[in-house]
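Me: I would like to go through this model step by step, with each answer reasoned out before it is given. Where should we begin?

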Amino acid sequence: MLAVSACKSHSAVAPTQQRAVQSVAQQQVQARIETAQEKSCQEVVRGFYDWYFDRLNSEAKGQSNGSALDDLLRLKPELLTAKLRQMLREDRDSASKNAGEIVGLDFDPYINAQDWEGKYFVESATVQGSNCRASVWGTDAGKKREIVDPELESDKGKWVFVNFHYPGEPDARNENLIAVLEGLREDRKHPHKNQAP
């Protein structure tokens, strides 16, 4: 009777231990997958900024036919989600139709600045599910600081940019590119709303 009782007790513990071992193994596999995804996301962001800074350099030297902002939409639209492409095109179209007025972006949303110095670098990337958030740093007045946090999502196995976040921005309307573009669109619908009577 005692031997049967001991066997039952042992068999009851084994499945629990087995589940714990499987859980640890699954967590290790998941961590390796996330690390690989973070690396691939970081490489996409780094590749984008390498390409973009080459375009900015060409623009500064007068060696390009258009702006780096337009080059992205013209030459590499697949790097952006359809929603972001559409909003950027709408903003660029409005700005071109209203020369002399600021009705669209008045800064470079990919570097979070009007002017830039040096070359930015990708500090890190964090993946949660199918989303990735990278941290891009650079130098500002000789000090290293976080400049912009691109947000990407995995679309059919490829990372595409969903949004660009601006660290330290206290105003929700200016915290990310989508919010800025939505705010500008709203301002264009009601151009006299913010003017004094």
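Reply: Let us begin with a term: a residue is called buried when its relative accessible area is under 20%. The model is a predicted one, and every answer below should be read with that in mind.

Me: Which residues of α4 are buried, and against which elements do they pack?
Reply: Helix α4 covers residues 177–189, and its 13 residues reach 19 Å from first to last C-alpha, close to the 18 Å expected. Its buried residues are L177, I178, A179, V180, L181, G183 and L184. These buried residues pack against α3 (82–97) and β4 (158–165).

Me: At the start of α4, which backbone nitrogen does a side-chain oxygen of N176 reach, and how closely?
Reply: A polar contact requires N or O atoms within 3.5 Å. At the start of α4, the side-chain oxygen of N176 comes to within 3.1 Å of its partner, the backbone nitrogen of I178.

Me: What is the place of N163, is it buried or exposed, and which backbone nitrogen lies 3.2 Å from a polar atom of its side chain?
Reply: N163 has its place in strand β4, and because its relative accessibility is 6%, it counts as buried. Leaving aside neighbours within four places in sequence, N163 is in contact with L84, D149, P150, E151, N176, L177 and I178. The backbone nitrogen that lies 3.2 Å from a polar atom of the N163 side chain is that of L177.

Me: With which residues is G104 in contact, leaving aside its neighbours within four places in sequence?
Reply: G104 lies in the loop between α3 and β1, and at 5% relative accessibility it counts as buried. From G104 to E90 the C-alpha distance is 9.0 Å, with their positions 14 residues apart in sequence. Once neighbours within four places in sequence are left aside, the contacts of G104 are D91, L184 and R188.

Me: How many disulfides does the structure hold, and is the disulfide of C41 and C132 left-handed or right-handed?
Reply: The structure holds one disulfide, formed by C41 and C132 with their sulfur atoms 2.0 Å apart. This pair links distant parts of the chain, with C41 in helix α1 (residues 2–60) and C132 in strand β2 (residues 131–140), 91 residues apart. Both cysteines, C41 and C132, are buried. The torsion about the S-S bond of C41 and C132 is about -95°, so the disulfide is left-handed.

Me: Is the aromatic pair of Y49 and F53 stacked, tilted or edge-to-face?
Reply: Y49 and F53 both lie in helix α1, four residues apart, about one turn of the helix. Y49 counts as buried at 3% relative accessibility, and F53 is buried with a relative accessible area of 2%. The centres of the Y49 and F53 rings are 6.3 Å apart and their planes 35° apart, and the pair is tilted.

Me: What parts does the pair of Y52 and Y110 tie together, and what is the angle between the planes?
Reply: Y52 lies in helix α1 and Y110 in the loop between α3 and β1 (121–128), so the pair ties together parts that are 58 residues apart in sequence. Y52 and Y110 are buried, and both belong to one aromatic cluster that also includes F48, W51 and F161. The Y52 and Y110 pair is edge-to-face, at 5.3 Å centre to centre, and the angle between the planes is 80°.

Me: Over the face of which residue does K144 lie?
Reply: A charge counts as sitting over a ring only if, among other conditions, it is within 6 Å of the ring centre. K144 is at 5.2 Å from the ring centre, and the residue whose face it lies over is W137.

Definitions and conventions. Residues numbered from 1 in each chain as written. Predicted model: local features only at pLDDT ≥ 70, side-chain atom pairs only at ≥ 80, totals over all residues. Heavy atoms only, no water. Helix = DSSP H or I, 4+ residues; strand = E, 2+ residues; numbered from the N terminus. Expected span 1.5 Å × (residues − 1). Buried < 20%, exposed > 50% of the residue type's maximum accessible area, 1.4 Å probe, protein only. Contact = heavy atoms within 4.5 Å. Polar contact = N/O pair within 3.5 Å; in protein donor to acceptor, adjacent residues only side chain to side chain. Disulfide = S-S within 2.5 Å. Phe/Tyr/Trp six-rings, centres within 6.5 Å; stacked < 30°, edge-to-face > 60°. Lys NZ or Arg CZ within 6 Å of the ring centre and 35° of its normal.
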